[in-house]
2 protein chains.
Amino acid sequence: MSVVETKEKLLETALALIWQSNYSVVGVNEICKQAGVTKGAFYHHFESKASLFCEATAYYWQVIKKDLDNIFSPVNSPLEQLENLIQFLFRSKLSDNTVRGCPFFNAGAQIGTDDEKVLEALKNLSQTAITYNLALIKALDAGGYLERSGDMEQQARLVYHYIHGVMSYAYVQPDINTIKKDLPEGLYRLLGVKRDYWFSASPTWEAEPAILKHQA
Amino acid sequence: MSVVETKEKLLETALALIWQSNYSVVGVNEICKQAGVTKGAFYHHFESKASLFCEATAYYWQVIKKDLDNIFSPVNSPLEQLENLIQFLFRSKLSDNTVRGCPFFNAGAQIGTDDEKVLEALKNLSQTAITYNLALIKALDAGGYLERSGDMEQQARLVYHYIHGVMSYAYVQPDINTIKKDLPEGLYRLLGVKRDYWFSASPTWEAEPAILKHQA
DNA sequence: AAGCTTACATACCGGTCGGTATGCCCGTCA
DNA sequence: TGACGGGCATACCGACCGGTATGTAAGCTT
């Protein structure tokens with residue numbers, strides 16, 4: 001295993017484990033064991049467990065950025081982009097009942113805000129997500145799909161809030177049929193998409209999300 | 001300290017501590033220390049830490065049920081009820097930046113779903129909250145405040161999702177001004193309240209929420 | 001080939017965790 | 001007044017935690 005391979009293996013294993021349970025429960029020992037490396041290797045690459053989490057956050061975005069750029073590709077109409085986003089959320093987080101909620105924010109809630117770096121990583125994470133939402137909203141608005149124009153940055157946050165809430169709900173109530181109804185309904189309502197356009201788009205994005213490879 | 005006092009003290013202390021940080025970080029020792037009792041007393045009243053969490057969940061509802069019944073009192077108009085709810089969420093969770101997110105679902109995400117009792121307690125918690133939402137929506141609909149009638153049970157869930165998402169966001173970005181804008185906006189949008197009625201109600205509920213007493 | 005660095009492996013550290021065993025104190029009731 | 005049991009307090013347990021100290025084998029440099 002080359003150098004970069006070992007580090008990436010640790011990153012991916014940590015992602016998968018934290019994803020499946022949570023930051024506090026998953027120990028360094030277990031991450032190492034699953035990754036097939038030793039603790040010495042771990043602390044050769046990361047100065048602490050919290051540091052690993054920060055790097056994993058960055059790594060996570062690097063991985064799914066491709067997916068997001070694909071979802072929000074300009075070749076897709078705004079409605080298609082929205083539908084793609086919905087499909088993506090299902091696939092990446094609700095395709096089986098072992099993955100519930102957003103692990104990074106669950107984790108963030110566990111680490112505590114005293115760790116400045118962790119907090120910063122989480123802020124970046126959410127801000128990036130909101131930025132993607134904003135682009136989508138602008139496209140929807142420009143395309144005349146929205147009932148009215150408002151504060152689009154706020155709308156981007158609203159969408160973010162809602163998605164996070166739905167994902168968290170899925171943790172306790174992993175009823176995928178309910179979620180499959182609630183997620184689009186809430187998004188269309190929050191965005192204020194004109195009723196004529198509800199559920200009118202078909203997904204143009206069919207590739208398997210890269211993030212799935214993180215799961216066991 | 002009488003028998004029931006000791007147990008309640010433990011319950012309240014645990015609530016406050018978990019509220020301020022999270023389940024994993026707060027240890028039994030610290031709960032005991034803060035409550036001014038010993039570990040022996042703790043394990044006299046609770047069979048485990050997870051069991052404490054379950055009882056605390058029930059206790060929590062018992063405490064805030066008074067507030068909720070007050071907020072959703074039939075003497076208030078539906079719009080007033082909605083405004084009361086918004087105010088309640090601010091007061092109980094956003095009045096200072098030490099309280100972020102819903103501690104019970106943060107905690108639930110930490111304990112793990114392998115503990116059946118904990119999962120059950122969380123399900124009850126969310127279901128009760130959704131039931132309150134449903135009553136509000138029915139009242140709003142009956143009063144003609146909504147743009148259209150839909151699946152009200154679903155709407156109740158949407159509102160629940162959204163509130164949870166906003167509260168979680170507040171954990172990472174404790175910017176109360178943003179939240180104060182986002183929370184009502186999202187709720188009005190999700191509920192589909194007619195624009196004429198947006199922000200038209202004044203709160204009729206001014207009492208200090210009982211739950212505040214749990215905070216340090 | 002000598003010397004140095006990288007990339008680990010192994011063994012182990014002090015501390016903390018949730019949980020338990022035991023016994024004392026004190027109110028109750030015979 | 002003495003036996004008894006609920007309501008604790010104290011002392012302690014083994015497991016496990018994140019993190020470290022030290023060793024070492026392989027490669028790169030000179």
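**Protein surfaces around the two DNA strands**

The surface near DNA strand C is made up of five nonpolar, eight polar and three charged residues. In this classification Ala, Val, Leu, Ile, Met, Phe, Trp, Tyr, Cys and Pro count as nonpolar, Asp, Glu, Lys and Arg as charged, and the others, Gly among them, as polar. The model is a predicted one, in which local features need pLDDT of at least 70 and side-chain atom pairs count only at pLDDT 80 or more, while totals for chains, interfaces and linings use all residues. Residues are numbered from 1 along each chain as its sequence is written, chains are lettered from A and ligands numbered from 1 in the order in which they are written, and side-chain values use heavy atoms, with hydrogens and water left out.

Strand C may be taken to begin with. DNA strand C is surrounded by 16 residues, the closest being A:Thr38, B:Val28, B:Lys39, B:Tyr43 and B:Lys49; a residue is near a strand if one of its heavy atoms lies within 4 Å of it. Of the atoms of DNA strand C that come within 4 Å of the protein, 61% are accounted for by sugar and phosphate. Polar contacts (pairs of N or O atoms within 3.5 Å; within protein, one must be able to donate a hydrogen and the other to accept it, and residues adjacent in sequence count only if both atoms are side-chain atoms) add detail to this picture. A:Thr38 places a polar side-chain atom 2.3 Å from a phosphate oxygen of DNA strand C. On chain B, a side-chain N or O atom of B:Tyr43 is 2.9 Å from a phosphate oxygen of the strand, and for B:Lys49 a side-chain N or O atom is likewise 2.9 Å from a phosphate oxygen.

Both chains contribute helices to this surface: α1 (3–20) and α3 (39–45) of chain A, with α2 (28–35) and α3 (39–45) of chain B, each supply at least two residues. Helices (H or I, at least four residues) and strands (E, at least two) are DSSP runs, numbered from the N terminus. The largest share, five residues, comes from α3(A).

Next comes strand D. Among the 15 residues around DNA strand D, those that come nearest are A:Val28, A:Lys39, A:Tyr43, A:Lys49 and B:Thr38. Sugar or phosphate provides 62% of the strand D atoms within 4 Å of the protein, and bases provide the rest. One base contact involves A:Lys39, whose side chain has an N or O atom 2.4 Å from a base oxygen of DNA strand D. A:Lys49 has a backbone N or O atom 3.0 Å from a phosphate oxygen of this strand, and a polar side-chain atom of B:Thr6 lies 3.4 Å from a phosphate oxygen. Two or more residues of the surface near DNA strand D come from each of α2 (28–35) and α3 of chain A and α1 (3–20) and α3 of chain B. Here α3(B) gives the most, with four residues. By class, this surface holds five nonpolar, eight polar and two charged residues.

The protein chains also meet each other. Contacts (heavy atoms within 4.5 Å) link 44 residues of chain B with 45 residues of chain A. About 3800 Å² is buried between the two chains, 56% of it from carbon and sulfur atoms; buried area is the accessible area (1.4 Å probe) that two parts lose on being put together, summed over both. In chain B, the residues losing the most area to chain A are B:His161, B:Val172 and B:Arg189, together 18% of what that side buries.
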